[in-house]
Number of protein chains: 2
Amino acid sequence: MPHRSRTTASIVRVPELEYDVLDVLIGYALRRAQVALYGAFDRATRGMDITPPRFTALVIVGANAGISQSTLGTVLGIARSGAMMLVDWMVERGMVERRNCPRDRRAWGLHLTVRGERFVEKMKASVLAEDRRQASLLSSAERRTLLGLLDKISVTKKERRA
Amino acid sequence: MPHRSRTTASIVRVPELEYDVLDVLIGYALRRAQVALYGAFDRATRGMDITPPRFTALVIVGANAGISQSTLGTVLGIARSGAMMLVDWMVERGMVERRNCPRDRRAWGLHLTVRGERFVEKMKASVLAEDRRQASLLSSAERRTLLGLLDKISVTKKERRA
DNA sequence: TATTGTTATACTCTATAACTATA
DNA sequence: TATAGTTATAGAGTATAACAATA
């Protein structure tokens, strides 16, 4: 399940066309909405060289100092090898440090550097503002409703069984 | 903006972790929901060698006989070259035919074959059923509300200016 | 045995740029 | 000039499999 690239794509609704079953599929409606929100994300992070997985990784490390690479991968829904490359990227840019983990000598404990903390704050503020701007097409009540409904359907089959 | 691969990924919510700003971002909630719906899509199309772009392309061609490759690309939000490879794939499997376009001799008119029509019907029924099953975590009123809210935020900046 | 991090490799989807035929 | 289709190339993101160190 690859993540989206930097390029701002757009799904244009062509009025003359029939969309058939696509008009009633929650999955397709989600994709259209996500493309629009990715546009907002792109504007918010322009010039920062940030992608959605990088954003998520930085926020998670910032809020969970000492987290391991494997756990980070689980949160992002990617394999260990991918999490590692993501961490490499953050380390190369001086935003994250790998420190020894006292409890498990196999694992690294990930921590934001001071530079990383500054960057994460700036990035979060910018993304949050653009997300709100895009979502300003909704009232705040509608926004809460949307978050609630999305949360309800975000359950995987595995979790439902558990 | 690459599409998702076949592998059913999963974003696991780790209860011990702080999610910080991710909990209030519409964009992140959309991504989680989309991952769950992709799981449903995967189950629905297991063994069919179908991906979301292939599904969308087949449905659109089926509902819009004679459509050109470029228009198809616009609907999917991908470049012409990508639309072409998608059409190659459908043609190789005997689902779609490229016919000469009477109005514009540069373009192809795309049409489903009889085999393609049968396949599309089967595929649509299966995907719709799984989408409903996943969305059955919602009442039908909630489902309509969700579709409406998603539609509201699916407007790109370009469209808003227009 | 199972798990963490690592490395190497391969695959999918998409973009870009250049070419041709037609508009 | 601009657009439709084509071709070739490159890049991002992810998966898988295997290995060493540790649990």
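**Reading a two-chain protein with two DNA strands**

Modeller: In this predicted model, 72 residues of chain B are in contact with 71 residues of chain A, contact meaning heavy atoms within 4.5 Å. Residues are numbered from 1 along each chain as its sequence is written, chains are lettered from A and ligands numbered from 1 in the order in which they are written. Local features need pLDDT of at least 70, side-chain atom pairs count only at pLDDT 80 or more, and totals for chains, interfaces and linings use all residues, while side-chain values use heavy atoms, with hydrogens and water left out.

Biologist: How are chain B and chain A related, by what turn and what shift along the axis?

Modeller: Two copies of a chain are related by a rotation about an axis and a shift along it. Here chain B can be laid on chain A by a turn of 180° and a shift of 0.0 Å along the axis, with an RMSD of 0.0 Å, the superposition being by least squares on the C-alpha atoms of residues with pLDDT of at least 70 in both. The two copies are thus related as by a two-fold rotation axis. Because 99% of the interface residues of chain B are also interface residues in chain A, the copies meet through the same surface.

Biologist: What area is buried between chain B and chain A?

Modeller: The size of an interface is often given as the accessible area lost when the parts come together. Between chain B and chain A about 7,200 Å² is buried, and carbon and sulfur atoms give 66% of this area; the value is the accessible area (1.4 Å probe) lost by the two parts, summed over both.

Biologist: How many salt bridges are counted between chain B and chain A, and which elements give two or more residues to the side of chain B that touches chain A?

Modeller: The count is six salt bridges, each a side-chain nitrogen of Lys or Arg within 4 Å of a carboxyl oxygen of Asp or Glu. One of them joins the side chains of A:Lys124 and B:Asp20 (2.6 Å, N to O). The elements of chain B that give two or more residues to this side are α1 (26-44), α2 (52-63), α3 (69-76), α5 (114-135), α6 (140-153) and α7 (157-161), where helices are DSSP runs (H or I, at least four residues) numbered from the N terminus. The largest share, 14 residues, comes from α1(B).

Biologist: Which residues come nearest to DNA strand C?

Modeller: Of the 24 residues around DNA strand C, A:Ser70, A:Met84, A:Arg106, B:Ala79 and B:Ser81 come nearest, a residue being near if one of its heavy atoms lies within 4 Å of the strand. Of the strand C atoms within 4 Å of the protein, 67% belong to sugar or phosphate and the rest to bases. A polar side-chain atom of A:Arg80 lies 3.0 Å from a base nitrogen of strand C, whereas a polar side-chain atom of A:Trp108 lies 3.0 Å from a sugar or linking oxygen.

Biologist: Which residues are the closest to DNA strand D?

Modeller: Among the 24 residues that surround DNA strand D, the closest are A:Ala79, A:Ser81, B:Ser70, B:Met84 and B:Arg106. A backbone N or O atom of B:Ser70 lies 2.6 Å from a phosphate oxygen of strand D, and a polar side-chain atom of B:Arg106 lies 2.5 Å from a base oxygen. At least two residues each of the surface near strand D are supplied by α4 of chain A together with α3 and α4 of chain B.

Key. Polar contact = N/O pair within 3.5 Å; in protein donor to acceptor, adjacent residues only side chain to side chain.
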